Structures are given as structure tokens and as C-alpha cells.
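This report describes how one chain is divided into domains, how those domains meet, and what surrounds the bound ligand.

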Amino acid sequence: MEMGLLSRIATNDGHGENSSYFDGWKAYDSDPYHPVDNPNGVIQMGLAENQLCHDLMVEWIKEHPTASICTKEGASQFKDVAIFQDYHGLPSFTKAVAQYMEKVRGGRVKVKPERIVMSGGATGAQEIIAFCLADPGDAFLIPTPFYPAFARDFCWRTGVKLIPVHCKSSNNFRITREALEAEYKKAEKSNTRVKGLLITNPSNPLGTMMDKNTLEELLQWTNEKKIHLVCDEIFAGTVFGQGAEFTSVAQVLEEDTSKTKYDPNLLHIACSLSKDLGMPGFRVGIVYSYNDNVVKCGRRMSSFGLVSTQTQHLLAPMLADNNFTSKLMIENSKRLHDRHEKFTSGLADVGIKCLSSNAGLFCWMDLRRLLESISVEGENKLWRIIIDEVKLNVSPGSSFHCTEPGWFRVCFANMDSETMEEALGRIRRFVFRLGEEEEKKKKEKEKEKKKKKFERMLSLPKRFDEMVFTPRGILSPRSPLVKAT
Ligand SMILES: Cc1ncc(COP(=O)(O)O)c(C=O)c1O
């Protein structure tokens, strides 16, 4: 592109689309799997989308035809919905969203509708937060591995930087105070202003949840440093398995009833309905900040990415329907758990382990033992084979800034169970193929070893012959045979 024709931001790399995370999507787009039309196509396992409960929502919509303006029963509302546009949102919508957010947080948090700022998905929410909290060049610490598109959402247009805080598999990728402190000091030394810490709970890509102690510690640490804590809780309602309970950082703040431990002005939450309800297409994002000025500025900014009134009109009665949301949450959790169990046990059958998890729409698969070399190159090589030969789009750990090669994120909820079985079948055949190749290599090596041994044996008498019968052998004065005579 001709330099200077467009802005520096428009032409820089901040969109992050050159990452292998998006390359995999391109591979899928050019050859998408279809059970009948393209059975050998690429299966999309790089998309954290929840397609397991749409039937329940369709059922609800059929039972509530007035919620939609596209039905005989609801069309009379068309004019009101078409002309209303206000960045505060429909009061019925913000109230229903607050009610739903409280429910997902186990009723242990009070969510105030007047603090809800709408945005175009969590993508927009992250940008609003970064814009309000930091200036271009300022930085946020972020534990690895992390969602690759944060580079776009949080940084591209705001000019804010992310400083990775590397977490390791040896403690299941948990963040430690020491690692945070070390990166904070490094940034200070290089005169980078650290404005906050950005965490994702439950984690994408790990599928793990932070416990209350960790959240307390992070809130304490950021308060000590007088920096912000931003928590992406987009997977708050995507939690499954026995005893799995999500704890919001908001709960930790609100339990400090004396209001002396933590400064609420430093806490901000981003979330959306994209994952829990499986509706990323609706672009319902939320900034929930405890800082009044962030709420004020965020609301002004939200004009750039409001949720359409038609969407608000449909979702307000759905989210306000307590019986429905209870049923949906229970069923969603159950279906996710079933899917996760089937998928991870299918992997375990062929010896593939995943990090133990109970949230999210993916698992963090450990393929370290399949790497040809323990390096990013080794990981990329294996990833290319998985895309080109196994025909699965999974995402390599390096695209999540993981420093240990060999981890891959695999999504399991964006497909029907037949497609998941097909994916498992491909993985099984791939692992067997690798096993056979390994076995063949081993046998060849043994054969080679035996051959060499045999050759050595054959060469022994030859040397003896040479020693005895060549003129040099017979005549050599140093020959033991000569000496013997
Ligand atoms: C951690 C995280 N934050 C934000 C987003 C963006 O979500 P949305 O579709 O609501 O913009 C995603 C999407 O995958 C995500 O995983």
C-alpha cells in the first residue's frame, strides 16, 4: 500500500490478523468441512463458539412472539423500536442484563443497571476500557497464555501496549505475585507507565477459573501499585462439572463491606452474551465499571458500537424470564460438561492429555510429546500437519503467547456431536499413523543396528585372514605369530 495514503494506525499490524490464530481460520474458510458436500474439508476447532443451546432459545422465541418485531404479534412495536436510540439503552434491557449478570455470579454480586455500558461485544468493551484508562504508549500487564485478539481489541486504536507475564505449565499456568512484580519492575526501568493488569476469568485458552484467594491477591496487588484491574468475564456463565462455581472479582470487591481494603475506582469488568448464550452475532457487550468517570466516558464512547434496539427489545424479556434463564444455565452447563467429557476422554484414549479444566468452550491440549523439536518451529510444523493433513483447525499455543511449545487450544462446542466424532476419528487415525511411523523408524533402526553388528562380525575373520596370510601379516616382525615361532 502506498505510504501516507492512509493513517499509520490503519496501515500498521495492530489488527493482529497476521497471527497463526487467524491463518487457521483462513485454512478453514477456503476448505470448510461439510458432512455431505465436503467430507474431507477442514473442521473448524479454532472458534470459541457455543452452539449447544440454541434450540432452547428458539423454543422461547416461539413461545414469546411479541418479543420480536418480525412476527404478526410483535410487528405493532416496529415504530418504537425503529426510532429509539439512546446510549443508555432500553431501561428494560439494562435491568434484565443486570439481573442475568447477578445470576451468573451466583447472586453474590449486586449489579446496578445504571453502571452498565453497552458495547459492540466484549471486543468493543475492551476498547472502551483501554481508551478510558490509558494513553498511547501506556501498558497493561497480562498473564500468558491469553486471547490473541486482545492485541486488536485493547491496543490497536488506543495505542496501549500489553506486557506479557509468563505463566508456566509446572503450576498449571497460575499467575504469581513474583512474576507480576518482575515484569512491573522491568517496565518501570524502561520508563513504560504500567496502568493496569488485564486478566481473563475463566481463562481463554486454559478453560480454568481463578479462585477467590487469587482474585483477592490480584486486587490487593493492583491496589498497592495504584493501577487498574480489568477482568474479562466473558466466560462467566460457561462453567461446568461437579462443584464448579464461578467467582467474580466483583464479589471480592463487594465483600469488603468496610470499603477500606480496595479502591473501587480501580476495578472494571468486560463481558458479553457471545459465549454464555452463544450469540456473538448479536454483538451484546458490556462494560461494568465501579468508577463513575469510566461509566460516564464509556457511555459517550458507546455511541460507536451500540447494541441495536431490535436486539435489546428481543433480549430484554428473555433475560428477565427467571424460569427460562435458570433452565438455560442448568442445561448449558450440563451439555457443555457432556461434550467436554466426551471430547477429552476421546483424546485420553489415544494418550493425549489436556489441562484439567471446568470452564470455557475449549481445552488446552498437550501435544508436547509429538513435537519433532521443542521449539516454536517444532510447534508450527506440527500445527501445519494438523491443518493440512489431519484437516483440523486448532490454534497453536504460540498464538496465545504461550512460551512452552506444544500446547494447542481446541474448541469443542461450535459443532454438532457427529462433527466432533469425525474430529476425534481424525485425531485417532493421526496418532495411530504417528505411532506406526515411529514403530517403523524403530524397526529400521534396529535392522540397521543388526546389519552393522553382522558386518562387524564378518569383517573380523577377514582381518584375521589379512593378518595371517598377507605378506605383511606373515612377515611382520611385530606379528604375534612371528614371535611365536
Ligand atoms: C476472552 C475474550 N474476550 C473477548 C472476546 C470477544 O468477544 P465478543 O464476540 O463479545 O466481541 C472473546 C472472543 O472469543 C474472548 O475469548
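## Coiled-coil annotation, domains and ligand shell

In this predicted model, the span of residues 170-197 has its end C-alpha atoms 22 Å apart, and 46% of the span is helix while 14% is strand. An unreviewed UniProt entry annotates residues 170-197 as "coiled-coil region", and the same annotation also covers residues 433-460.

The domain assignment splits the chain into domain 1, made of residues 8-53 together with 332-433, and domain 2, which runs over residues 54-326. Between the C-alpha centres of domain 1 and domain 2 there is a distance of 25 Å. Where the two meet, 32 residues of domain 1 are in contact with 35 residues of domain 2. On the side of domain 1 that touches domain 2, at least two residues come from each of α13 (322-349) and β10 (362-366), and α13 gives the most, with four residues.

Turning to the ligand, the shell around it holds 13 residues, of which G121, A122, T123, S272 and S274 come nearest. Helix α6, spanning residues 121-133, provides the largest share of this shell, with three residues.

The table sets out the residue classes on the side of domain 1 that touches domain 2 and in the shell around the ligand.

| Residue set | Nonpolar | Polar | Charged |
|---|---|---|---|
| Side of domain 1 that touches domain 2 | 13 residues | 16 residues | three residues |
| Shell around the ligand | five residues | seven residues | one residue |

Technical notes:
Residues numbered from 1 in each chain as written. Predicted model: local features only at pLDDT ≥ 70, side-chain atom pairs only at ≥ 80, totals over all residues. Domains from an automatic or database assignment. Contact = placed C-beta atoms within 7 Å. Nonpolar A, V, L, I, M, F, W, Y, C, P; charged D, E, K, R; others polar. UniProt positions renumbered as here; feature names shortened; annotations may be inferred. Near = placed C-beta within 6 Å.
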